[in-house]
Structure formats: structure tokens, C-alpha cells
Amino acid sequence: MEPTTQRRAGLPVRKQGGENGKEAFTAEEVKRMMEDLPHDKYGDSIRLMLGTGIRMQELLALEPRLIEEDGSAIHIRQAVKTVSGHMEIGVPKSRDSVRDVPVPEGLRPIVIGLRSTEDKFVFQSPKKEQPFDPKMYREKFKDYIEALGDVRVLTPHSCRHTYVSQMQALGVDLATIQSMVGHADLDMTQHYLHVQSPVKQKAVEAFNQAFLESKPRSSQIPVSP
């Protein structure tokens, strides 16, 4: 897809150089991360962003109640926001960001593992019932990627760009990608409001076959922030 078409659709455009977080991981890097990241809360959270396209701010605002019991879907209803240096839970980035995200089958054991917490948030701060600090999460992300050795150290937001790039490479149509990542340009929103669930499911099955033939284990070891 041409970059101009992507911009008009409100989709991220892959660029050379990762200074602004808009570079995407390659397919080979995605497979390496899916296979070799630690099977703990942080490693599995990176897999989840790569396999669903959710934003870091949406990830950190996740509550167990927003995840289906069988791990089949995540309901994006809120996001972490920093206001005057303090973290708050607010509405997602835009109207289109409120969405139900289907989870590839190979990631469902991971999602079930992340859901099984008694905390208010899946990623909780040491401060009771507060979400994990985005700055601290970025540091964890960097440490985990660096530890792999042969994967470029990009940003958490690069996982979202990667998801879009890989879905495009797998032949998923623009309307479906648009509805799944919740990133619609106002001029095109009306074209992408009614993508049906079976179409979305077919798209995640394509991702599953490409990157998750061997299902990752669920999170077994809780990791303290």
C-alpha cells in the first residue's frame, strides 16, 4: 500500500529510522520475539501488542474485566493518560479507539494468564489500584528487547506499526485493519464503521498462522514492577 493511501486512512506509515517510534519490526524480528521473549508478564505484554496492535496506553489501562474469560477478545474502553505529571485513567485516544479487539488463537493462553490477577489492573503500580507508569514500562520494554541481542530496540508504539505492516503484508484489507486498530481518519471514518466480526476473525487467523504456529505458554511467573 502506498504511504499516501495509508495516511489518508489514518494508518501508521513505516519509516526508516526509529527516532519517532514509527519504524516497524520485520517479520523475522516478530517471529524471534514471539518465540524467545521470556514467558512472564512483560514478555507476554510485548507479544500481545505485536499480535493485536493495541497501544501501550491501552495495555496499561487494561482491567481483567475487559478481557474475555477464554482470551478471545480484549475490550478497549480506557487508556492511561499523564496529566500534570500524574497518571489518570481516561477515555481512549478517539471515538474509533473504543473497540473490541480479537486475539489470535496462539496468544489466547497468554491473555488468559494476564487476566488471572486479583489486582484492579493487569499492569499495576506498586501504589495500590494505580496503573503501571508508562515511563517505567518503556524501560522494561527496552531491557527485554535488548536482551534478545539480534532485534532492533524500537519503541512500544512500534509494535502497533508492526501489526499494521504485517497485516497488510498478509493481504488483510484496509477496512478491516482500520476497524481493528481503531485509528481512523475523520475523512474516512464512515467507510470503516461496520466491519463484521467474522472478517476480523479471518484476519487474526492469518496472523496466527504466520507467527504463532507454536503457541506461547501462558504467563506462569508474576513479575513485580
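This is a short guided walk through the structure above, from the whole chain down to a few helices and single residues. Keep in mind as you read that the model is predicted.

Let's start with the big picture. The protein chain contains nine helices and four strands. If you follow the chain from its N terminus, the elements come in the order α-α-α-α-β-β-β-β-α-α-α-α-α. In other words, the run of β elements has α elements before it and after it.

How much of the chain is buried? Of the 225 residues in the protein chain, 52% are buried. The chain still exposes about 11,100 Å², and carbon and sulfur atoms supply 47% of that area. We can also ask how the chain folds back on itself. Take the contacts between residues at least 6 apart in sequence: 68% of them join residues at least 24 apart.

Now let's zoom in on one helix, α8, which covers residues 174–181. Eight of its eight residues are buried, so α8 is largely enclosed by the rest of the structure. You can find them in the model as L174, A175, T176, I177, Q178, S179, M180 and V181. What do these buried residues pack against? Their partners are β4 (99–102), α7 and α9 (197–211). We will visit the two helices in turn, and then take one residue of α8 by itself.

Before that, a little background helps. Two packed helices are described by the angle between their axes and by the distance between the axes. It is also handy to know that an α-helix has 3.6 residues a turn, so residues three or four places apart point the same way.

The first partner is α7, which spans residues 156–169. The axes of α7 and α8 come within 10 Å and cross at roughly 155°. An angle over 145 degrees counts as roughly antiparallel, and α7 and α8 are therefore roughly antiparallel to each other. The crossing of α7 past α8 is right-handed. Which residues meet here? On the α7 side they are R160, Y163, V164, M167 and Q168, and on the α8 side I177, M180 and V181. Sorted by class, the residues of this contact are six nonpolar, one polar and one charged.

The second partner is α9. The axes of α8 and α9 also come within 10 Å, and they cross at roughly 90°. Angles from 65 to 115 degrees count as roughly perpendicular, and α8 and α9 are therefore roughly perpendicular to each other. T176, S179 and M180 of α8 make this contact with V199, K200, A203 and V204 of α9. The classes here are four nonpolar, two polar and one charged. Notice that M180 takes part in the contact with α7 and in the contact with α9.

The helices α7 and α9 pack against each other too, at an angle of about 95° and with their axes 10 Å apart. That makes α7 roughly perpendicular to α9. Here Y163, Q166 and M167 of α7 meet A203, V204, F207 and F211 of α9. This contact has six nonpolar residues, one polar residue and no charged ones.

With the helices in place, let's look at V181, which lies in α8. Its relative accessibility is 0%, so V181 counts as buried. V181 and R99 are 82 residues apart along the chain, yet their C-alpha atoms are separated by 8.3 Å.

Another residue worth finding is M56, in helix α4 (residues 56–60). Is M56 buried or exposed? M56 has a relative accessible area of 4%, and because that is under 20%, M56 is buried. Leaving aside residues up to four places away in sequence, M56 touches M49, P134, Y137, R138 and P156. From M56 to V80 the C-alpha distance is 8.5 Å, while the two are 24 residues apart in sequence.

Our last stop is P38, in the loop between α2 (27–36) and α3 (41–52). P38 has a relative accessible area of 37% and is partly exposed. Not counting residues up to four places away in sequence, P38 touches G43, D44, R47 and Y144. P38 and Y144 are 106 residues apart in sequence, but their C-alpha atoms lie 8.1 Å apart in space.

Note on methods:
Residues numbered from 1 in each chain as written. Predicted model: local features only at pLDDT ≥ 70, side-chain atom pairs only at ≥ 80, totals over all residues. Heavy atoms only, no water. Axes fitted to C-alpha atoms, helices over the stretch in contact; angles between N-to-C directions. Helix = DSSP H or I, 4+ residues; strand = E, 2+ residues; numbered from the N terminus. Parallel < 35°, antiparallel > 145°, perpendicular 65-115°, else oblique. Left-handed = near helix turned anticlockwise from the far one by under 90°. Contact = heavy atoms within 4.5 Å. Nonpolar A, V, L, I, M, F, W, Y, C, P; charged D, E, K, R; others polar. Buried < 20%, exposed > 50% of the residue type's maximum accessible area, 1.4 Å probe, protein only. Areas by Shrake-Rupley, 256 points an atom, 1.4 Å probe, with all protein chains shown as cover.
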